[in-house]
Amino acid sequence: MHILRGNRVDKVYTMKGMGGSESIELFSWHAFKQACPREDFTELFRNVTTYYGGLPLALKVLGSYLFDMEVAEWKSVLEKLKKIPNDEVHEKLKISYDGLSDDTEKEIFLDIACFFIGIDRSDVIHILNGCGLCAENGIRVLIERSLVTVDDKNKLGMHDLLRDMGREIIRAKSAKDPENRSRLWFHEDVIDILSKETGTKAIEGLTLKLPTTNTLCLRTKAFKKMRKLRLLQLAGVELIGDFKYLPRDLRWLCWHGFPLTCIPAKFYQRSLVSIELENSNIKLLWKESQLMEKLKILNLSHSHYLTQTPDFSNLPNLEKLLLQDCPRLSEVSHTIGHLNKILQINLQDCIGLGNLPRSIYKLKSLKILILSGCLKIDKLEEDLEQMESLTTLVADKTAITTVPFSIVRSKSIGYISLCGFKGFPRDVFPSIIWSWMSPINSLSSRVQTFAGMSSISLDVPNSNSHHLSSISDDLPKLQSLWVECGSKLQLSQDAKSILDTLYATNYGEPESNATTSQMPNMNNFTLIECNNQVHISESKKFSRSLLIQMGKSFHVTHTLKENILQSMTTSDQGYLLPDDCYPNWLTFNNEGSSIIFEIPLVNGHNLKTMMCHVNYSSPENIISDGLKNLLVINHSKTTIQLYKRDALTSFEDEDWHKVISNIEFGNKVEIVVVFGNKLIVNKTTIYLLYEPMDKIIEH
């Protein structure tokens with residue numbers, strides 16, 4: 001099994017059992033010596049093949065055993081097999097169990113076989129770790145040996161034959177005295193032992209799940225001698241008497257339909273790792289709070305009488321809080337802010353719950369928060385940003401009408417369902433931001449909340465005057481803006497509106513004293529500023545240069561870059577930029593801050609990168625930040641891409657790919673650079689860099 005670990009295997013194939021028709025045919029050949037079963041055995045056949053799950057070995061052995069028997073004998077044998085598996089099948093399956101290297105793995109297997117099939121893997125690990133078992137490693141081994149499975153919802157599973165094999169191992173150790181077995185699961189045995197109060201210290205786990213329509217009353221004293229009981233699962237059961245008789249070493253209490261309104265004070269609970277009281281009559285969990293340092297899981301879901309949460313300050317290690325469908329729950333204790341290790345909170349369908357306490361936003365460890373169906377919750381605080389580990393936020397079907405602005409600053413959020421927005425951040429954030437932009441909603445305070453983010457952008461499909469006018473005051477604060485215009489006329493109007501806003505903003509900015517820039521690392525750059533301070537005669541101004549790379553670096557970019565930088569740094573009285581170098585690069589230039597060109601076709605090559613060289617001048621000792629914004633206007637596709645300087649310097653390859661991929665052969669493209677106050681752009685030069693198609697295929 002060791003070769004399956006790490007990166008040495010691409011895919012592990014899971015063997016499947018035989019199909020239904022194949023199972024029936026195989027079983028029939030051994031039971032009747034023919035391909036199809038006799039008509040009066042059809043229903044029994046279906047039960048057998050379903051139970052054995054397409055396992056050929058079991059079908060052969062049992063078919064041969066049942067050969068030449070009548071229906072009544074079949075029924076008797078199958079009823080017996082529910083309690084005691086067939087010896088031959090059992091012994092062959094037991095080989096895998098016997099091959100487990102230590103007793104811990106065997107104990108974990110037996111616990112799962114009796115109690116934890118269909119239970120969340122993480123919950124089981126917590127519970128069994130609390131029992132002193134190294135559950136994470138143990139379950140991993142069981143999965144590798146195909147003794148246990150995990151489904152796509154992280155639930156543990158086990159083949160019915162393996163489950164029954166494990167239970168038979170336990171039964172066989174005390175075949176005639178169930179009270180001396182380590183685990184009890186068979187209803188008749190459990191009821192007999194609890195009714196007669198014959199339990200012993202041998203019992204470590206017990207499950208009794210009965211229909212809630214016919215509750216069984218038992219005495220707490222029945223547990224008095226079960227001093228080693230660590231796993232207890234009940235449903236449809238009521239215990240009468242003093243709860244001091246329940247064992248002190250209990251780690252897992254799962255009691256569906258818990259009949260009391262609170263947990264009795266005499267019930268010792270400090271060893272509990274998981275309390276699961278679904279569908280209970282609980283109104284208040286504890287009248288007097290207890291220090292529960294080992295408690296990891298608290299599940300009170302569907303407790304329709306629960307009115308308030310417990311004092312969480314005494315639950316320092318709680319990781320999972322499930323309070324789903326508690327309609328009378330009206331408030332969450334402010335002490336929830338003490339849960340420094342909490343990972344998941346589920347308050348779904350708590351229809352009477354008002355707004356959350358501010359302290360909940362201090363939970364830096366919280367990963368999952370579910371509030372859907374909480375009809376009275378009408379807001380989420382901006383403090384949500386403090387939840388630095390939050391990956392999933394589900395708050396649909398609430399009274400919340402506005403998404404908190406801080407949500408877009410979250411670096412951890414991976415999935416959101418809120419105010420009609422549902423999906424991954426990259427898909428829903430732009431729509432969320434646009435939802436803030438209405439005639440009655442000024443964006444000023446909102447843009448302030450995310451203006452410093454390098455990743456935030458607005459994609460505006462089919463723009464109109466309302467869209468852009470609603471953000472005109474805040475446009476300079478955006479890191480990036482992508483506008484799709486409906487027509488060339490709309491494109492012209494939107495581009496003019498954007499540029500007017502940017503120029504007006506830059507004009508009002510204060511100047512700062514000049515500083516000398518250092519040439520950055522040439523091997524990986526987006527912007528290179530060259531402050532070579534060439535004096536322009538009789539004008540008291542200095543000539544400066546800026547080189548912007550838009551796209552990925554490859555061998556042609558390095559060559560062109562070296563040529564440009566060499567010409568920029570070696571001449572004292574101006575410089576001559578490189579010209580065309582077909583088919584590696586093509587050159588376009590124009591006086592001023594904008595340049596329009598058409599993308600030419602270069603046979604056998606694809607456009608890979610653009611470089612923009614800007615020559616500008618500034619007054620002596622005066623310099624702003626230089627470049628403020630860059631616009632890429634595609635007149636053919638009627639799109640506008642606006643980028644702030646900070647966004648350009650933080651771009652990754654995938655960001656540049658989005659820019660370049662919007663430009664195709666024959667497109668009419670305009671590049672506009674917007675500079676700071678009192679800086680004059682003299683000339684703009686564009687280089688289109690091409691890469692051979694065979695190189696692209698290699699990449």
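Visitor: What sign and approximate value does phi have at serine 146, after H8?
Guide: This is a predicted model: local features need pLDDT (the predictor's confidence in each residue, from 0 to 100) of at least 70, side-chain atom pairs count only at pLDDT 80 or more, and totals for chains, interfaces and linings use all residues. Residues are numbered from 1 along each chain as its sequence is written; side-chain values use heavy atoms, with hydrogens and water left out. Helices (H or I, at least four residues) and strands (E, at least two) are DSSP runs, numbered from the N terminus. Serine 146 comes after H8, and its phi is positive, near 65°.

Visitor: Which residues of H8 are buried?
Guide: Buried means under 20% relative accessible area, exposed over 50%, and partly exposed in between (1.4 Å probe, protein chains only). An α-helix has 3.6 residues a turn, so residues three or four places apart point the same way. H8 spans residues 135-144, and its buried members are Ala135, Gly138, Ile139, Val141, Leu142 and Glu144.

Visitor: What covers the buried residues of H8?
Guide: Contact means heavy atoms within 4.5 Å. The cover of the buried H8 residues includes two helices and one strand: helix H6 (103-116), helix H7 (121-130) and strand E2 (156-157).

Visitor: Which residues touch the most other members of the largest nonpolar core?
Guide: A nonpolar core is a set of buried Ala, Val, Leu, Ile, Met, Phe, Trp, Tyr and Cys residues joined through side-chain atoms within 4.5 Å. The largest one here has 76 residues. The members touching the most others are Leu277, Ile345, Leu347 and Leu393.

Visitor: Which element gives the most to this core?
Guide: Several elements supply at least two residues each, among them strand E4 (205-209), strand E8 (252-256), strand E14 (392-395) and helix H11 (425-435). The top contribution is three residues, and the element giving them is H10.

Visitor: What does leucine 277 contact beyond four places in sequence?
Guide: Leucine 277 belongs to the largest core. Setting aside neighbours within four places, its contacts are Leu253, Trp255, Phe258, Ile263, Ile282, Leu285, Asn299, Leu300, Ser301 and Ser303.

Visitor: How many residues are in the second core?
Guide: This core is separate, and its members include Cys612, Leu648, Val673 and Tyr690. Its residue count is 34.

Visitor: Which strands sit at the edges of the 12-stranded sheet?
Guide: The sheet is open and mixed, in the order E3-E4-E6-E8-E9-E10-E11-E12-E13-E14-E15-E16. Two strands pair if DSSP finds at least two bridges between them. The strands that pair on one side only are E3 (183-184) and E16 (421-423).

Visitor: Which residue in E8 stands opposite glutamine 233?
Guide: E6 and E8 are parallel, with five bridges. Opposite glutamine 233, in E8, is cysteine 254.

Visitor: Which residue in E14 is the bridge partner of leucine 369?
Guide: Strand E13 (residues 368-370) runs parallel to E14, joined by three bridges. E14 also pairs with E15 in the parallel sense, over four bridges. In E14, leucine 369 has as its partner leucine 393.

Visitor: Why does cysteine 350 form no disulfide?
Guide: A disulfide is a pair of cysteine sulfur atoms within 2.5 Å. The search of the whole structure finds zero. Cysteine 350 is buried, at 0% relative accessibility. Its sulfur is too far for a bond because the closest cysteine sulfur, in cysteine 326, lies at 4.8 Å.

Visitor: Which backbone oxygen does the side chain of histidine 605 reach?
Guide: Histidine 605 lies in strand E24 (residues 605-619) and is buried, at 15% relative accessible area. Beyond four places in sequence, its contacts are Pro583, Tyr690, Glu691, Pro692 and Met693. At 2.9 Å, its side chain reaches the backbone oxygen of asparagine 603.

Visitor: How far apart in space are serine 492 and threonine 638?
Guide: Serine 492 is in helix H14 (residues 488-507) and is partly exposed, at 46%. The two residues are 146 apart in sequence. C-alpha to C-alpha, their separation in space is 8.9 Å.

Visitor: Where does pLDDT stay under 50?
Guide: The chain's mean pLDDT is 82, and 79% of its residues reach 70 or more. Where pLDDT is low, the predicted coordinates should not be read in detail. Stretches under 50 include residues 438-457 and residues 512-524.

How values were computed:
A polar contact is a pair of N or O atoms within 3.5 Å; within protein, one must be able to donate a hydrogen and the other to accept it, and residues adjacent in sequence count only if both atoms are side-chain atoms.
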